[in-house]
Amino acid sequence: DSTSNGNDGTINGASWVSGILNSGLSFDGSNDYIDTNFTPSFSSFSVSLWYSKLNAPVGTEMHLVNNY
């Protein structure tokens, strides 16, 4: 969270890498995720990301944003 609201997530398995602008997280496509562990007290929110699907086998299922 780049705001002062404190809605930061916990990184599980992903690693920081150099990105197009500053840095970003690299996910191995297996079990990496960010746990936000919060329930929004508002009816809508936004998610912004850069995405590149490199070397993933055809038919690979990937969830960019999910709510469990």
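Trainee: Why is asparagine 22 called exposed?

Mentor: In this predicted model, asparagine 22 has a relative accessible area of 68%. The term exposed applies over 50%, so asparagine 22 is exposed. Asparagine 22 lies in the loop between β2 and β3.

Trainee: What makes the phi of asparagine 22 worth pointing out?

Mentor: Its phi is near 70°, a positive value in a residue other than glycine. Most residues other than glycine have a negative phi. Asparagine 22 takes this positive phi in the hairpin of β2 and β3, which has 4 residues between the strands.

Trainee: How do you know that β2 and β3 pair?

Mentor: Two strands pair if at least two bridges are found between them. Strand β2, residues 15-18, is joined to strand β3, residues 23-26, by 4 bridges, so the pairing condition is met. The two strands run antiparallel.

Trainee: Which residues of β3 are the bridge partners of tryptophan 16 and valine 17?

Mentor: Leucine 25 is the bridge partner of tryptophan 16, and glycine 24 is that of valine 17.

Trainee: Glycine 19 is found in the loop between β2 and β3. Why is glycine 19 called partly exposed?

Mentor: Its relative accessible area is 39%. Buried means under 20% and exposed means over 50%, with partly exposed in between; glycine 19 is therefore partly exposed. From C-alpha to C-alpha, glycine 19 and tryptophan 50 are 9.4 Å apart in space, while they are 31 residues apart in sequence.

Trainee: Why does alanine 14 count as buried?

Mentor: The relative accessibility of alanine 14 is 14%. The limit for buried is under 20%, so alanine 14 belongs in that class. Alanine 14 lies in the loop between β1, residues 10-12, and β2.

Trainee: What does alanine 14 touch, not counting residues up to four places away in sequence?

Mentor: Alanine 14 touches Leu25, Ser26, Phe27 and Asp32. The C-alpha atoms of alanine 14 and phenylalanine 27 are 4.9 Å apart in space, and the two residues are 13 apart in sequence.

Trainee: What makes aspartate 32 a buried residue?

Mentor: Aspartate 32 has 16% relative accessibility. That value is set against the limit of under 20%, and aspartate 32 therefore counts as buried. Aspartate 32 is found in the loop between β3 and β4.

Trainee: Which residues are in contact with aspartate 32, leaving aside its neighbours within four places in sequence?

Mentor: Aspartate 32 is in contact with Asn12, Gly13, Ala14, Ser26 and Phe27.

Trainee: Why is the approach of the aspartate 32 side chain to the backbone nitrogen of aspartate 28 called a polar contact?

Mentor: The side chain of aspartate 32 reaches that backbone nitrogen at 2.8 Å. A polar contact requires a pair of N or O atoms within 3.5 Å, so the distance of 2.8 Å satisfies the cut-off.

Trainee: Tyrosine 33 lies in strand β4. Is tyrosine 33 buried, partly exposed or exposed, and why?

Mentor: At 42% relative accessibility, tyrosine 33 counts as partly exposed, because that class lies between the limits of 20% and 50%. Not counting residues up to four places away in sequence, tyrosine 33 touches Thr10, Ile11, Asn12 and Phe27. Tyrosine 33 and alanine 14 are 19 residues apart in sequence, and their C-alpha atoms are 6.7 Å apart in space.

Trainee: What makes methionine 62 eligible for a surface patch?

Mentor: Methionine 62 has a relative accessible area of 37%. Patches are made of residues with over 30% and no salt bridge, so methionine 62 meets the area condition. Methionine 62 is found in the segment after β4, residues 33-35. The nonpolar patch is made by Val47, Leu49, Tyr51, Met62, Leu64 and Val65, and covers about 560 Å².

Trainee: How many helices and strands does the chain have?

Mentor: The chain has 0 helices and 4 strands, and its pattern along the sequence is β-β-β-β. Of its 68 residues, 3% are buried. Its accessible surface comes to about 6,400 Å², with 49% belonging to carbon and sulfur atoms.

Key
Residues are numbered from 1 along each chain as its sequence is written. This is a predicted model: local features need pLDDT of at least 70, side-chain atom pairs count only at pLDDT 80 or more; totals for chains, interfaces and linings use all residues. Side-chain values use heavy atoms; hydrogens and water are left out. Patches are made of residues with over 30% relative accessible area and no salt bridge: like charges are joined within 9 Å, nonpolar side chains (Val, Leu, Ile, Met, Phe, Trp, Tyr) within 5 Å. Accessible areas come from the Shrake-Rupley method with a 1.4 Å probe; for residues, only the protein chains shown count as cover. A salt bridge is a side-chain nitrogen of Lys or Arg within 4 Å of a carboxyl oxygen of Asp or Glu. Buried means under 20% relative accessible area, exposed over 50%, partly exposed in between (1.4 Å probe, protein chains only). A polar contact is a pair of N or O atoms within 3.5 Å; within protein, one must be able to donate a hydrogen and the other to accept it, and residues adjacent in sequence count only if both atoms are side-chain atoms. Contact means heavy atoms within 4.5 Å.
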